Amino acid sequence: MNKYIIFIVLLISQGLSSQTVFGKWKTVDDETGEEKSIVEIYQEDGKVHGKIIEIFDTTKRDLPCKFCIGEDKDQPVLGLVIIKDLEVSGDVYKRGTVTNPEDGKVYDCRIKLDDDNPNRLQLRGYIAFFYRTQYWIRAGL
């Protein structure tokens with residue numbers, strides 16, 4: 001009996017600790033509720049980034065980021081790294097940026113798992129003390 005209890009506790013704790021921001025996330029427009037793309041969040045050189053790996057609207061898959069600036073200007077939106085250089089701070093990733101490929105605007109950014117649902121990612125873009133929040137859904141569920 002004790003073996004079963006230990007086994008169940010280990011399974012539950014493994015499931016809780018394995019929830020991270022890393023992986024594939026379905027982006028959802030916060031105004032319309034429309035699912036737009038899949039962004040893969042990954043770590044590279046100690047920083048966290050997010051790249052668009054799928055676009056659901058087939059008419060937009062081959063479009064360039066014409067409003068982007070710098071090295072992202074005119075790059076294909078599919079494959080574009082839109083979340084850049086986030087740093088870990090507890091359960092929050094911040095001090096990076098997010099680019100809106102529809103208008104090229106770059107915002108300060110922070111992401112974290114939703115407190116009530118670890119399969120929802122809270123992405124917040126900032127300009128000064130104004131912010132806008134989107135919730136993305138873990139892909140593949």
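Let's start with the pocket. Strand β8 gives the largest share of the lining of the largest pocket, 6 residues. Keep in mind that this is a predicted model.

The volume of that largest pocket is about 930 Å³. Its lining comes to 37 residues. Nearest the centre lie Lys36, Asn100, Pro101, Glu102 and Gln134. Which elements give two or more residues to the lining? They are β1 (23–28), β2, β3, β5 (92–99), β7 (120–127) and β8 (130–138). Now the chemistry of the lining. By class, 18 residues are nonpolar, 12 are charged and 7 are polar.

Stay with Lys36 for a moment, one of the residues nearest the pocket centre. The Lys36 side chain meets that of Asp29 in a salt bridge, 3.7 Å from N to O. Is Asp29 buried or exposed? Asp29 has a relative accessible area of 16%, so it is buried under the 20% cut-off. Lys36 has a relative accessibility of 23% and counts as partly exposed. Glu102 comes in here too. Asp29, Lys36 and Glu102 are linked in a network of salt bridges. And Glu102, like Lys36, is among the residues nearest the centre of the largest pocket.

How many salt bridges does the structure hold? The count is 10. Let me pick out two others.

First up, Arg132 and Asp30. They form a salt bridge, with the closest N and O atoms 2.9 Å apart. Arg132 sits in strand β8, and Asp30 sits in the loop between β1 and β2. The two are 102 residues apart in sequence, so this pair ties together distant parts of the chain numbering. Both partners are partly exposed: Arg132 has a relative accessible area of 46%, and Asp30 is at 34%.

Next, Arg120 and Asp114. Their side chains meet in a salt bridge at 3.5 Å, N to O. Arg120 is partly exposed, with a relative accessible area of 27%. Asp114 counts as buried, at 13% relative accessibility.

On to the strands. β2 covers residues 35–44 and β3 covers residues 47–55. They run antiparallel, and 8 bridges join them. For a register check, take Ile38: its bridge partner in β3 is Glu54. β2 and β3 form a hairpin, with 2 residues between them. Look at Asp45 in that turn. Asp45 has a positive phi of about 55 degrees.

β3 also pairs with strand β4, residues 81–89. That pairing is antiparallel as well, over 3 bridges. What is the bridge partner of Gly50 in β4? Ile83 is the partner of Gly50 there.

Last topic, the cysteines. The structure holds 1 disulfide. Cys65 and Cys68 form it, and their sulfur atoms are 1.7 Å apart. Is the disulfide right-handed or left-handed? The torsion about the S-S bond is about 50 degrees, so the disulfide is right-handed. Cys65 and Cys68 are both buried. Cys109 is buried too, with a relative accessible area of 3%.

To recap. The largest pocket is lined by 37 residues, with β8 giving 6 of them. Asp29, Lys36 and Glu102 form a salt-bridge network. β3 pairs with β2 over 8 bridges and with β4 over 3. Cys65 and Cys68 form the disulfide. That's the tour.

Methods: Residues numbered from 1 in each chain as written. Predicted model: local features only at pLDDT ≥ 70, side-chain atom pairs only at ≥ 80, totals over all residues. Heavy atoms only, no water. Pairing = 2+ DSSP bridges. Helix = DSSP H or I, 4+ residues; strand = E, 2+ residues; numbered from the N terminus. Disulfide = S-S within 2.5 Å. Buried < 20%, exposed > 50% of the residue type's maximum accessible area, 1.4 Å probe, protein only. 1 Å grid on protein atoms, 1.4 Å probe; cavity = no way out; pocket = protein on both sides within 12 Å on 5 of 7 lines; lining within 4 Å. Points joined across faces, edges and corners; volume = space filled by probe spheres on them. Nonpolar A, V, L, I, M, F, W, Y, C, P; charged D, E, K, R; others polar. Salt bridge = Lys/Arg side-chain N within 4 Å of Asp/Glu carboxyl O.
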